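Q: I have this model open on my screen and would like a close look at one part of it. Could you take me through the enclosed space inside, and then what sits around it?

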Amino acid sequence: MKVSEKIEALRALMKENELAAYIVPGTDPHASEYMAPHWAEMNWLSGFTGESGTMVVTLDDARLFTDSRYYLQAEAELQGSGITLMRASDVDCPSVNEWLIDKFKVESLKLKEVAPDGDSVKLIGVNPEMWSINEFKQLKEEGQKTKDKGYEVVSIDLIRPLWTEGRPAIPQHPFYEYEEQYAGESVASKLQRVREAIQAKGANAIVISELDEIGWLLNIRGKDVDYTPCVIAYVVVDMNQCTLFIDPAKVTQEGRAYMQRIGVEIQGYEEVFEFLNSKTREFENSKVLMDGNRVNERLYEAVGAEKAVVATPSPVQVMMSIKNDTEIAGEKEAHLVDGVALVRFLRWTQEQFNVESLKLKGASAHSDKASNGNSLKWTEIDLADKLHEFRTMGKNFTDESFATIAGWKGNGAIVHYHAEPGECATIDGEGVLLLDSGGQYLDGTTDITRTLWIGNPANIPAEVKHDYTLVLKGHIALAKARFPKGTRGNQLDVLAHQFMWAEGITYGHGTGHGVGHFMGCHEGPANIRTDNNTNPIQLGNIFSDEPGIYRANEYGIRIENLVVTIHNSRNGAQSTIHNSRGTGETYYEFEALTRCPYDKNLMEMSMLTEDEKAWINAYHAQVYKDLAPRLNADEAAWLEKQCKAL
């Protein structure tokens, strides 16, 4: 069907069910960052292929809400569809709720002119599997704020009966055991801790729908989700039983034996809803804990409001974010392996784009590339592929942790830029390259951004050096932070922003996100950003440290390391707390996990303090010490030069 035909078919179902509107978000039942194509309902209905958006269809209108990353793409893909693009990042753009309320107010006024006693309440349909408990509640409450109630929300799935041809199946890759030598804790121990936590919340059971929580709890991994080693399933844990709800096709003989060994029962994926309904009938006083931001509304409705205890975040998410000693040791090893790949890539890059090297190599430097004077005809995608090639040489590498962002010049200013074949930039001439990438290893997850100058260092503009050094100063300030136990990420965020703010510059993304252990590259519940996140930073939390400056159509600069939260070392060379008259709090600090040199050519030395230079020198010395033994002689010599003290 064409998009217009799909929308008309949807409207026919809306009329049958007396709905005034239907909302299709770009989400899945598991609050996944990377969604399986089976649940791409918004994309199927609209024809828009972007990763973020919400489709709203009324009986006489259709709107697609998406953010600024996708404006150009949406404009092109929505042409002729009858769908109006709503630019959600613009300050004057209403939210979905606001737009619906405004539309229904107008319709109510028209209705009253014809029939003063007419019913002004509108019914809006949504698939409850695609909405978290809290999102559904907010949508419902917003619709009831106006005098005429605005709208009421109805749980109904209208896409499933329409999308019957060509709908991809739910992935059916088997799960596998994630061995305790990597996980560092047994399933029995984790289940005991979870049961204690849910009892503390006044519940007797917990529903887990977020896939990385399931993988962490049961020590399993899979290949159902891009870039994240997850398996699509649900889990319910009560005081006596743990049940995994999963497609039987994903359960191999080894998988079934493993579940029997750890005492976990298996049921079909869709059986979770009836299971929850029967459980609430079976145990009259049973209460079920659910994470309001992650568990979907259909699961909540299966339990029943009187049986549900909604809390955010779930205790499983908190436990998962606190890495144990084995996990931290694994992360350190993964970052060393990743560092070797990055050093080899950076050395290769410098060789390819070094003017003197090209004079010697000529066009024969790469058989399918041609010389253009001071660079070869490499594209952004070529660079991403080359980095992937170096990573595949590393021990325990399984995949990238997200799609590599290789942004040349102005493309680097697009925060979530993704190069497309045939449309990406060629690395031509001189300029700034932003490279944000990461790897999934059996023993850890990496995420790193480096900004490089391609070309003759003597030609670097002063403003580029200035911006790079502002970002570097913020990056160092956060890396050096010492803070008392209980500190939240938003209390530290200013450290990374301070030098930019002093010059009227800021960036629109968070400074630091949590990172999983051989799991999601983005993990909660704590983070480092301006938003007020009440979850404190805890020992064992891993965060990114990634301030940036983005000059539209010119260049983007971002510098990112991963750091792990540790106890403040009072005796270490980097310690700043020696005051015997301190007030007695327990203090934490960050330890860098990432091992990769910064581009010294981009640093404006006059802007760096002696302490900052000392920090850079100490970091570079550690990079060389840790990586050189893993490199060959030529590679080690190259790295020694990059890590030479300022």
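To start with, how do the residues of the lining of the second largest cavity divide into nonpolar, polar and charged?

A: Keep in mind that this is a predicted model. The lining of the second largest cavity divides into three nonpolar, two polar and four charged residues. The cavity itself holds about 50 Å³ of space. If you want to click through the residues, its lining is made up of Trp-216, Arg-221, Met-320, Lys-323, Glu-327, Gly-516, His-517, Met-519 and Glu-523.

Now for the rest of the enclosed space. Rolling a probe the size of a water molecule over the atoms shows where empty space is left. A search of the whole structure turns up five cavities of 30 Å³ or more, and the largest of these has about 60 Å³ of space. Its lining takes in Ser-321, Lys-323, Gly-514, Val-515, Glu-523, Gly-524, Pro-525, Ala-526, Asn-541, Ile-542 and Phe-543. Two of those names should ring a bell: Lys-323 and Glu-523 line the largest cavity and also turn up in the lining of the second largest. By type, the residues around the largest cavity split into five nonpolar, four polar and two charged.

Which elements give two or more residues to the lining of the largest cavity? They are β23 (523–528) and β24 (542–545). Strand β23 gives the most, with four residues.

Stay on β23 for a moment, since Pro-525 is found in that strand. The peptide bond joining Gly-524 and Pro-525 is cis, with omega about 0°, and Gly-524 and Pro-525 are among the residues lining the largest cavity. Another cis bond runs from Thr-312 to Pro-313, with omega near 0°. You'll find Pro-313 in the loop between β14 (308–311) and α12 (315–321). For context, most residues other than glycine have a negative phi, and most peptide bonds are trans.

The phi half of that rule has its exceptions here too. Look at the loop between β22 (512–514) and β23, where Phe-518 is placed. Phi of Phe-518 is near 45°, a positive value in a residue other than glycine. Is Phe-518 buried or exposed? Phe-518 is buried, with a relative accessible area of 1%. Then there's Lys-409, with a positive phi near 55°. Lys-409 sits in the loop between β16 (405–408) and β17 (431–437) and is partly exposed, at a relative accessible area of 32%.

Since that loop follows on from β16, have a look at the strand as well. Both of its faces are covered: Ile-405 and Gly-407 on one side are buried, and so are Ala-406 and Trp-408 on the other. Strands of a sheet pair through backbone hydrogen bonds, either parallel or antiparallel. Strand β16 runs antiparallel to β17, and four bridges join them. Ala-406 has Leu-435 as its bridge partner in β17.

There's also an open sheet of three strands, ordered β15-β18-β19, with antiparallel pairing. The edges are β15 (397–400) and β19 (444–445), each with a single partner strand, so one side of each is left without a neighbour in the sheet. Strand β18 (residues 439–441) pairs with β19 over two bridges, and Tyr-441 stands opposite Gly-444 in β19.

Another lysine to look at is Lys-250, in the loop between β11 (242–245) and α9 (253–261). Lys-250 is buried, with a relative accessible area of 1%.

One last stop is helix α18, residues 610–627. This helix has 18 residues and reaches 26 Å from its first C-alpha to its last, close to the 26 Å expected. Glu-612, Trp-615, Ile-616, Tyr-619, His-620, Val-623, Asp-626 and Leu-627 are its buried residues. Seen down the axis of α18, these buried residues fall within an arc of 135°, so they line one face of the helix. The spacing fits the general picture: an α-helix has 3.6 residues a turn, so residues three or four places apart point the same way. Turned away from the buried side of α18 is a face with the exposed residues Glu-610, Asp-611 and Lys-625.

Definitions and conventions: Residues numbered from 1 in each chain as written. Predicted model: local features only at pLDDT ≥ 70, side-chain atom pairs only at ≥ 80, totals over all residues. Heavy atoms only, no water. 1 Å grid on protein atoms, 1.4 Å probe; cavity = no way out; pocket = protein on both sides within 12 Å on 5 of 7 lines; lining within 4 Å. Points joined across faces, edges and corners; volume = space filled by probe spheres on them. Nonpolar A, V, L, I, M, F, W, Y, C, P; charged D, E, K, R; others polar. Expected span 1.5 Å × (residues − 1). Buried < 20%, exposed > 50% of the residue type's maximum accessible area, 1.4 Å probe, protein only. Arc of directions from axis to C-beta. Pairing = 2+ DSSP bridges.
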